[in-house]
Amino acid sequence: MRLLLSHPEVEGVRGYSSTHAGEAWGSVHPPLSHLEEGSFEEFDVSSAARGADVIFLALPHGKSQELAPEIERCDPSVVVDLAADFRISDPKLYEQYYGPHMCFESVAGYLYGLADVESYGLRNATRIAAPGCFATATLLGLYPLVKAGLLAKTPVCIGLTGSSGSGAALKPTTHHPRRSNNLYGYCATGHRHEAEIADRLRHWSSTGAQECTLLPHSAPLVRGIHATLSAEMVEPCLDPLALFRDAYAGRPFVKILAQPPQLSAVVATNFAHIHAVVRRGGRELVIYVVIDNLVKGAAGQAVQAMNLALGLEETSGLEFSGVSPC
Ligand SMILES: NC(=O)c1ccc[n+]([C@@H]2O[C@H](COP(=O)([O-])OP(=O)(O)OC[C@H]3O[C@@H](n4cnc5c(N)ncnc54)[C@H](OP(=O)(O)O)[C@@H]3O)[C@@H](O)[C@H]2O)c1
């Protein structure tokens, strides 16, 4: 809502909520207090979707597929789903990580909204599945290697995430006394975002690595993803920065740095900062990627995908700087 309410090309924003219906936006989300008068409406997917130019679904995984038939009956011009429901094109891969899908036939209608890579491929898209936050960071780090045909074996990504990656509801793993000044790994046997990463790697190339091992960690942060990838090369890569700069040439939100990126530089922004170095004479690359999980890894990427789909300026409403220290 923060991004849409200050977007120069967007008007008529409405917000729907089951728990906050009737409450002013600013009382639910204090940082919105100054922007505009407005209140949350009772969650009702038909009134949200009917006649809408764009509808964003920011629901827990599994809910969007439940609502899909009703949404399609209302026929909004563009749907951007932020959950995992429509991200994975391979039904077996989807089931392996998420279990049965209620309407897998709908997935084919969705484009994977990795905006910094898909770019103008999203022009005129009507159904977009916004990627997960870990998947966004990992795939932005791997894409230049796949594009150059250099990715040999299954790469490994060690990903650190802030507590806002697990949503608004209180959980033991997001409780401040446990989270603050603490660091621990989880889901080492297979994080769900491995599914969409594998799906994308297979879309991009039938040769080279077809999956990535994702080792997530909960870090003592509220926002942000810090990903460190290790990848074996098919042949030595001696100038990884040139490779990355070439792959992301002209892409407005990906910055290739000459030194390891700092997470605080991207917090609350739509930017990804990337750095890569060679090891063992170029046969291995270590790649660092930092993003904000809620903007580049979620809402910002969703708005960027909307901009591309509607033929708006890609950067419209998204060029704000971060706040560091944060
Ligand atoms: N957090 C991240 O970093 C991140 C990054 C990328 C993608 N995503 C994805 O984006 C989606 C939203 O993430 P989030 O972090 O905003 O999650 P969240 O804080 O849990 O918000 C989801 C909202 O959905 C509503 N909701 C909860 N249970 C529901 C139910 N059973 N039926 C209908 N609505 C329900 C609630 O809003 P009301 O009570 O107001 O209706 C809730 O606040 C998820 O699919 C998540 O995987 C999150």
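Trainee: How many bridges join strand β12 to strand β13?
Mentor: This is a predicted model. Strand β12 covers residues 272-279 and strand β13 covers residues 284-291. The two run antiparallel, and the number of bridges joining them is seven.

Trainee: Which residue in β13 stands opposite histidine 273?
Mentor: Strand β12 spans residues 272-279, and its antiparallel neighbour here is β13. Opposite histidine 273, in β13, stands valine 290.

Trainee: Which strands stand at the edges of the open sheet of seven strands?
Mentor: The order in this sheet is β8-β9-β7-β10-β13-β12-β11, with mixed pairing. An edge strand here has a single partner strand, so one side is left without a neighbour in the sheet. The two edge strands are β8 (184-185) and β11 (254-256).

Trainee: In which sense do β7 and β9 pair, parallel or antiparallel?
Mentor: One bridge pair is valine 156 with its partner in β9, threonine 213. Over six bridges, the sense in which β7 and β9 pair is parallel.

Trainee: Which residue in β9 does tyrosine 184 stand opposite?
Mentor: Two bridges join β8 to β9, and these strands run antiparallel. The residue in β9 opposite tyrosine 184 is serine 218.

Trainee: Is leucine 214 buried or exposed?
Mentor: Leucine 214 lies in strand β9. The side chains along β9 alternate, and Leu214 points to one face together with Pro216 and Ser218. Thr213, Leu215 and His217 point to the other face and are not buried. Leucine 214 has 26 C-beta neighbours inside 10 Å, and therefore counts as buried.

Trainee: How far apart in space are leucine 214 and valine 290?
Mentor: Leucine 214 is in contact with several residues beyond four places in sequence, among them Phe134, Thr138 and Cys157. Valine 290 is 76 residues away in sequence. From C-alpha to C-alpha, the distance between leucine 214 and valine 290 is 15 Å.

Trainee: At about what angle does α7 run to β10?
Mentor: Helix α7 lies across β7 (156-161), β9 (213-218), β10 (225-232), β11, β12 and β13. Its angle to β10 is about 35 degrees.

Trainee: How is α7 oriented to α10?
Mentor: The axes of α7 and helix α10 (residues 240-247) are 9 Å apart, and the packing angle is about 95 degrees. In this packing, Tyr143, Pro144 and Lys147 of α7 meet Leu243, Phe244 and Ala247 of α10. The angle of about 95 degrees therefore makes α7 and α10 roughly perpendicular.

Trainee: Which strands are at the edges of the sheet of four strands?
Mentor: The open sheet has the order β3-β4-β6-β5, and its pairing is parallel. Each edge strand pairs on one side only. The edge strands are β3 (54-57) and β5 (111-112).

Trainee: What is the bridge partner of aspartate 81 in β6?
Mentor: Strand β4 (residues 78-81) and strand β6 (residues 127-129) run parallel and are joined by three bridges. The partner of aspartate 81 in β6 is alanine 129.

Trainee: Which helix gives the most to the side of domain 1 that touches domain 2?
Mentor: The protein is divided into domain 1 (2-131 + 296-310) and domain 2 (133-294). Their contact takes 23 residues from domain 1 and 26 residues from domain 2. On the side of domain 1, α5 (91-98), α6 (115-118) and α11 each supply at least two residues. With seven residues, the helix that gives the most is α11.

Trainee: How are α7 and α11 oriented to each other?
Mentor: The axes of α7 and α11 come within 8 Å and cross at roughly 95 degrees. The contact is made by Cys133, Thr136 and Ala137 of α7 with Lys296, Gly297, Ala298 and Gln301 of α11. Given the crossing at roughly 95 degrees, the two helices are therefore roughly perpendicular.

Trainee: Which helix supplies the largest share of the largest nonpolar core?
Mentor: This core has 87 residues, and those with the most contacts inside it are Ile274, Val289, Ala302 and Ala305. The core draws at least three residues from each of domain 1 and domain 2. The largest share, 10 residues, comes from helix α7.

Definitions and conventions: Residues numbered from 1 in each chain as written. Predicted model: local features only at pLDDT ≥ 70, side-chain atom pairs only at ≥ 80, totals over all residues. Core = buried A, V, L, I, M, F, W, Y, C linked by C-beta atoms within 7 Å. Buried ≥ 20, exposed ≤ 12 C-beta atoms within 10 Å, placed from the backbone. Domains from an automatic or database assignment. Pairing = 2+ DSSP bridges. Axes fitted to C-alpha atoms, helices over the stretch in contact; angles between N-to-C directions. Parallel < 35°, antiparallel > 145°, perpendicular 65-115°, else oblique. Contact = placed C-beta atoms within 7 Å.
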